[in-house]
Amino acid sequence: MKKETVLVTGGAGFIGGHLVEKLLQKYHVVVLDNLSTGTMMNLPESPHLDFVFGDVSQEEDVAQVFATYTFTYIFHLAAVASVAASIENPVETHHINMNGTIYLLHAAQQQAGNIQKFVFASSAAVYGSEPTLPKKESSIIAPITPYGIDKWASESYVITYSQLFGLKSSAARFFNVYGPRQNPTSPYSGVLSILTDCFQRVKAGDETANFTLYGDGSQVRDFVYVGDVVNALILLAESEESTSEVYNIASNQRHTLLEVIGMYETITGEKLPLTYQTARAGDIQKSYADIEKIKELGFVVEDSLETGLRKYY
Ligand SMILES: NC(=O)c1ccc[n+]([C@@H]2O[C@H](COP(=O)([O-])OP(=O)(O)OC[C@H]3O[C@@H](n4cnc5c(N)ncnc54)[C@H](O)[C@@H]3O)[C@@H](O)[C@H]2O)c1
């Protein structure tokens, strides 16, 4: 029997690569990616995987993919995933993170009869620094960066397309995702990828290895293992109930950065050299989620921070 076809934009990225790996167990997967931060090394070899080199912010690239394939599910992950990059380059980021979403929705709408779900990768950044915690999906939306604003606007388009044009869709607000193959090379990479890289260098005897802590380390985050994020995304795609809804994707565990470093020191048996610097613009002091809504769909957090870090290290 012919497998159903799924589109993953940004499939060569950190989260996308893990998602593609899992989807291949069941579906034919098409990845649309311009490899700006992603890499082919994140993608497995498979006769059921087609890679399309293209840019979601170029309408003709998007149209071409939809002219070639008919999709059952769409996972839209392609984005400039760095908050700091969005502050440095708001115009370019907006073109990719916002216009790219509209081009995809517009193209997907032509196949709305076939598409079971359009799932959008949003972010906890939509909540901004408004202090009420934990963040529920109904919490105040107050993004403080171009990245957060574009994620919020994209989410709104995604849900509105569902209501106006019958394109079934859901949005997933990821909190801090971590796991293998997260790229540590940019100064804006996820903090756990930089930490993991530093610990690996300390272990290898690199005396220059040093971790720069912005702020005093008391910032609180809800770290979620990438395997749990993949499970959540597939659950949202396959569930009828999630149509036109927005969900937090997190682990419901709260840790300060200093606690994370301490946990990692116990796991690795290494002491991490630290340098303190002032907090960065746009950094939020505390961010953690209420995940009751997605749990009602059957979502279960499989990895604690400790088991996730052991897999990652
Ligand atoms: N990692 C996190 O903690 C986190 C948290 C919240 C939200 N998100 C969102 O999840 C998604 C995936 O993030 P990630 O951490 O895997 O980042 P990533 O940078 O590893 O992946 C993004 C992918 O999108 C591709 N891409 C970027 N611009 C593109 C364009 N114009 N056209 C086509 N492809 C393009 C990149 O090459 C890369 O493969 C992003 O939408 C990000 O905003 C991530």
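**What holds the ligand, and how helix H10 packs**

User: What makes the ligand nitrogen and the polar backbone atom of Val-56 a polar contact?

Analyst: They're 3.0 Å apart, and a polar contact is a pair of N or O atoms within 3.5 Å, so this pair qualifies. Keep in mind that this is a predicted model, where local features need pLDDT of at least 70, side-chain atom pairs count only at pLDDT 80 or more, and totals for chains, interfaces and linings use all residues. Residues are numbered from 1 along each chain as its sequence is written, and side-chain values use heavy atoms, with hydrogens and water left out.

User: Which other pairs pass that cut-off?

Analyst: Among them, a ligand nitrogen is 2.7 Å from a side-chain N or O atom of Asp-55, and a ligand oxygen is 3.0 Å from a polar backbone atom of Val-177. The protein covers 92% of the 820 Å² of accessible area that the ligand has on its own (Shrake-Rupley, 1.4 Å probe).

User: What makes the shell mostly nonpolar, polar or charged?

Analyst: It has 15 nonpolar, 10 polar and three charged residues. Tyr counts as nonpolar and Gly as polar.

User: Why are the buried residues of H10 said to line one face?

Analyst: Leu-305, Gly-308, Leu-309 and Tyr-312 are buried, that is, under 20% relative accessible area (exposed is over 50%, partly exposed in between; 1.4 Å probe, protein chains only). Seen down the axis of H10, they fall within an arc of 100 degrees, so they line one face of the helix. The arc takes directions from the helix axis to the C-beta atoms.

Definitions and conventions. Polar contact = N/O pair within 3.5 Å; in protein donor to acceptor, adjacent residues only side chain to side chain. Helix = DSSP H or I, 4+ residues; strand = E, 2+ residues; numbered from the N terminus.
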